[in-house]
Amino acid sequence: MTKWVYGFGGGSAEGNAGDRNLLGGKGANLAEMCGLGLPVPPGFTITTAVCSWYYANGRTYPPQLREEVADALERIGAISGRRFGDPERLLLVSVRSGARASMPGMMDTVLNLGLNDRTVEALARDSGDARFAYDSYRRFIQMYSDVVLGVAHEHFEEILEEEKARLGHELDTDLSAAEWQAIIALYKAKVEEELGSPFPQDPGEQLWGAIGAVFSSWMTPRAVTYRRLHDIPEDWGTAVNVQAMVFGNMGDSSATGVAFTRNPSTGEKKLYGEFLVNAQGEDVVAGIRTPQNLTEEARIEAGSDKPSMEKAMPEAFAAFVEIADRLERHYRDMQDLEFTIERGRLWMLQTRAGKRTAKAALKIAVDMVAEGLISKREAVLRVDPASLDQLLHPTIDPGAQRDVIGIGLPASPGAATGEIVFTSDEAEEMRAQNRKAILVRVETSPEDIHGMHAAEGILTTRGGMTSHAAVVARGMGKPCVSGAGSLRVDYRAGTLAALGRTFRKGDVITIDGASGQVLKGAVPMLQPELSGDFAAIMEWADETRRMKVRTNAETPADARMARSFGAEGIGLCRTEHMFFDDERIVAVREMILSDAEKDRRAALAKLLPMQRGDFRELFEIMAGLPVTIRLLDPPLHEFLPKTEAEIAEVAAAMGVPADRLRQRTEALHEFNPMLGHRGCRLAVSYPEIAEMQARAIFEAAVEAGRTTGSPVVPEVMVPLVGVTRELDFVKARIDAVARAVMEEAGTKIDYMVGTMIELPRAAIRADTIAASAEFFSFGTNDLTQTTFGISRDDASSFLETYRQKGIIERDPFVTLDVEGVGELVRLAAQKGRGARPGLKLGICGEHGGDPASIAFCEEVGLDYVSCSPFRVPIARLAAAQAAARNGA
């Protein structure tokens with residue numbers, strides 16, 4: 001019989017850390033901590049399998065679940081000496097989510113569950129503190145009403161703020177027990193007003209309401225968005241953790257906090273976090289009160305006058321430091337911890353692998369190798385390749401003038417400039433218009449995740465280093481400044497007040513996530529310098545990986561940048577990008593307008609020295625590394641002027657009538673140019689274009705070989721081949737030009753001629769094409785378009801709808817469609833190498849920089865991937881991880 005509930009507590013547990021798929025990350029780690037003998041409040045986990053059942057069976061539960069939950073509640077009571085719903089032996093519980101992948105703040109939590117008008121009196125009696133009891137009850141009403149009953153928390157915040165103002169109180173902690181009782185009455189009246197029924201008093205009803213709310217929160221828009229951004233499958237589901245409450249709000253000997261065993265921004269090996277005296281967990285992350293530092297060193301660095309936990313609670317602090325160190329050594333990774341101190345006694349509520357910036361991930365991995373905790377192979381696997389993108393963004397120039405308008409906490413590193421927006425929807429609108437935005441909020445909530453993703457950076461006036469904004473921004477690699485308390489946001493007026501100045505939506509500001517500064521206007525930025533930790537990880541990655549990593553580049557600047565990031569050649573040089581220069585476009589247009597071959601050759605002769613110079617510089621930069629040059633690919637009409645004014649200007653420059661130019665443009669117009677007269681079809685129709693480009697390539701190879709002393713072996717790539725005879729026709733012209741150049745130069749040139757596999761027919765006929773081609777490069781951008789019959793330029797209008805409706809899991813233009821396009825790649829690789837053993841295989845579409853796609857390339861046995869310069873480090877690390885997982 002299926003077991004749906006697993007208990008933990010009292011020094012033992014029914015699960016462990018290896019059960020995270022079934023118990024979720026939180027439940028598995030709670031069980032593991034219990035097994036280690038750590039102080040964990042007793043509880044139980046309802047498995048992720050129940051979540052799957054819940055959604056597969058009309059949001060209902062397995063028949064035996066209620067009985068198992070009742071038995072588990074009895075076990076909690078036996079361990080704690082209490083009983084759920086019994087005022088004489090009061091047991092209160094928390095109800096929390098726990099997916100197998102951490103989703104901080106995305107799903108729902110309910111604390112203090114089991115309180116009602118009778119049990120609150122028992123809590124006051126047992127604790128000897130009526131103020132604490134009624135504070136806990138009002139928190140429960142507020143949280144349960146919001147999470148379970150759907151009464152927005154703003155209603156309760158409004159009541160609370162009005163009452164505090166009326167009573168002359170500034171802080172929640174200033175309110176007395178009697179004043180809390182009056183506020184509770186107002187809260188309950190608001191619930192009845194909104195719902196037409198009173199706040200539930202039955203603890204059992206409360207519990208099942210909370211369990212249902214947690215399972216339902218798996219499908220909230222914010223959770224769905226988070227899963228999409230972090231590639232978390234929907235069918236994983238969440239577990240539910242029910243745990244005996246411990247209270248951090250039982251006076252000055254109680255506290256609650258969040259900590260990381262190392263700094264999640266820098267990776268420094270120092271305890272990092274915050275705590276609040278006389279508070280519950282949500283107070284720390286919600287930013288309602290300003291937290292205090294854990295260590296005395298951190299307090300001094302922050303310039304805080306509030307005591308650190310080290311000073312205020314030395315015994316609990318010492319116990320916590322010992323547990324934190326033990327958990328990090330046990331898990332062999334940096335841990336994110338939640339804890340509560342109830343009347344001087346420390347309780348551990350959570351441990352999980354801490355989210356960290358890319359900089360921190362590198363340092364932690366390298367340091368843990370040095371400390372003997374992990375191997376170099378494990379270090380390579382520890383760093384998310386996509387996160388390296390964070391290291392490649394600009395930072396503020398130290399010499400720049402800074403007009404500082406506010407200072408907050410440096411919550412997530414990096415710097416960003418953009419226009420002020422005050423809502424997440426506005427941030428998305430700006431991004432759709434290709435405008436950069438800074439999302440400015442009093443505090444963010446999980447509902448803001450789409451705006452945080454769309455914005456360049458996030459600025460909040462409330463919240464600490466472990467607030468929602470800080471944790472989510474670090475996970476996204478977005479710069480964030482939190483807790484900028486000197487700034488005032490007025491949503492209604494749409495203003496940000498800063499040091500006597502007023503800024504409005506659309507005004508430009510810059511935030512510095514390294515210093516916490518908020519600056520007026522745009523500020524000069526610098527490219528980052530990569531750390532020694534980065535170099536170490538890359539070195540270990542290069543020792544591990546099998547595939548080479550090249551770059552897509554056609555400008556010297558891109559080629560040099562890619563080399564600095566470790567590119568091992570050029571996998572795609574798109575020659576058409578070189579034709580749009582002002583000095584060249586006229587000659588290109590002359591060639592297109594020419595009716596006779598001799599006139600086209602005359603125009604092409606003007607382009608020859610320009611192309612030769614381009615290729616020579618690329619060959620020299622790559623200094624003997626392979627360079628793959630694709631012959632002209634796009635249809636000719638793309639080079640012609642579009643507007644009447646442009647046509648008139650070009651006609652005048654060329655000395656031809658505007659009508660003739662217009663007629664030629666119309667004659668070249670195609671209804672579907674992506675499938676039209678382009679690629680090798682141009683070379684078949686106009687062989688002289690391919691001959692000019694081949695001559696430029698070979699002459700440049702000769703010159704570069706002489707200047708660098710490194711022989712150049714150019715790889716000439718013929719695009720869009722579908723029929724072997726197309727390749728044979730073009731290759732014959734390339735070979736003839738090569739012979740001519742070798743004879744003229746008096747030297748031998750080694751070179752290769754290959755093709756892009758970007759049509760399904762080419763993949764199916766790869767064995768016959770391989771008889772002529774010396775290499776294949778998979779052009780997966782076009783191969784995806786032609787396999788799906790989808791235009792990449794138009795697909796955005798419906799692909800997201802497809803993804804939301806479960807028709808596709810990922811955008812196939814971002815991550816390779818392994819089942820369809822990937823199957824064609826696999827087929828072409830097998831057939832190609834079957835016909836030509838040792839055939840060189842690579843990929844040069846955008847997928848060459850996508851870690852998931854790179855893993856597939858390793859599986860298929862490609863020789864290299866090629867990607868944009870700034871993604872080269874990502875590809876190097878992803879290729880190493882793929883090789884390590886494949887046992888290379």
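Two strands pair if DSSP finds at least two bridges between them. The views below show a predicted model.

**View 1. Strand 12 and strand 13 form a hairpin.** Strand 12 covers residues 335-342. Strand 13 covers residues 345-353. The two run antiparallel, joined by eight bridges. Look for Leu337: its bridge partner in strand 13 is Thr351. Two residues lie between the strands of this hairpin. Here Arg343 takes a positive phi near 50°. Strand 13 is mostly covered, with seven of its nine residues buried.

**View 2. Six strands make an open sheet.** Their order is 2-1-3-8-6-7, and the pairing is antiparallel. Strand 2 (12-13) and strand 7 (109-113) are the edge strands, each pairing on one side only. Inside the sheet order, strand 6 (residues 93-99) meets strand 8 through seven bridges. These two strands run antiparallel. Ser94 stands opposite Gln243, a residue of strand 8.

**View 3. Four residues form a negative surface patch.** The members are Glu234, Asp235, Glu809 and Glu819. Glu234 sits in a loop. That loop links helix 9 (221-230) to strand 8 (238-244).

**View 4. Ser853 lies in helix 33.** The helix spans residues 851-860. Ser853 counts as buried because its relative accessibility is 2%, and buried means under 20%. Now find Tyr226. Ser853 and Tyr226 are 627 residues apart in sequence. In space, their C-alpha atoms are 21 Å apart.

Notes. Residues numbered from 1 in each chain as written. Predicted model: local features only at pLDDT ≥ 70, side-chain atom pairs only at ≥ 80, totals over all residues. Heavy atoms only, no water. Patch = residues over 30% accessible without salt bridge, like charges linked within 9 Å, V, L, I, M, F, W, Y side chains within 5 Å. Areas by Shrake-Rupley, 256 points an atom, 1.4 Å probe, with all protein chains shown as cover. Salt bridge = Lys/Arg side-chain N within 4 Å of Asp/Glu carboxyl O. Lys, Arg positive; Asp, Glu negative; His and termini not counted. Charge placed at Lys NZ, Arg CZ, Asp CG, Glu CD. Helix = DSSP H or I, 4+ residues; strand = E, 2+ residues; numbered from the N terminus. Buried < 20%, exposed > 50% of the residue type's maximum accessible area, 1.4 Å probe, protein only.
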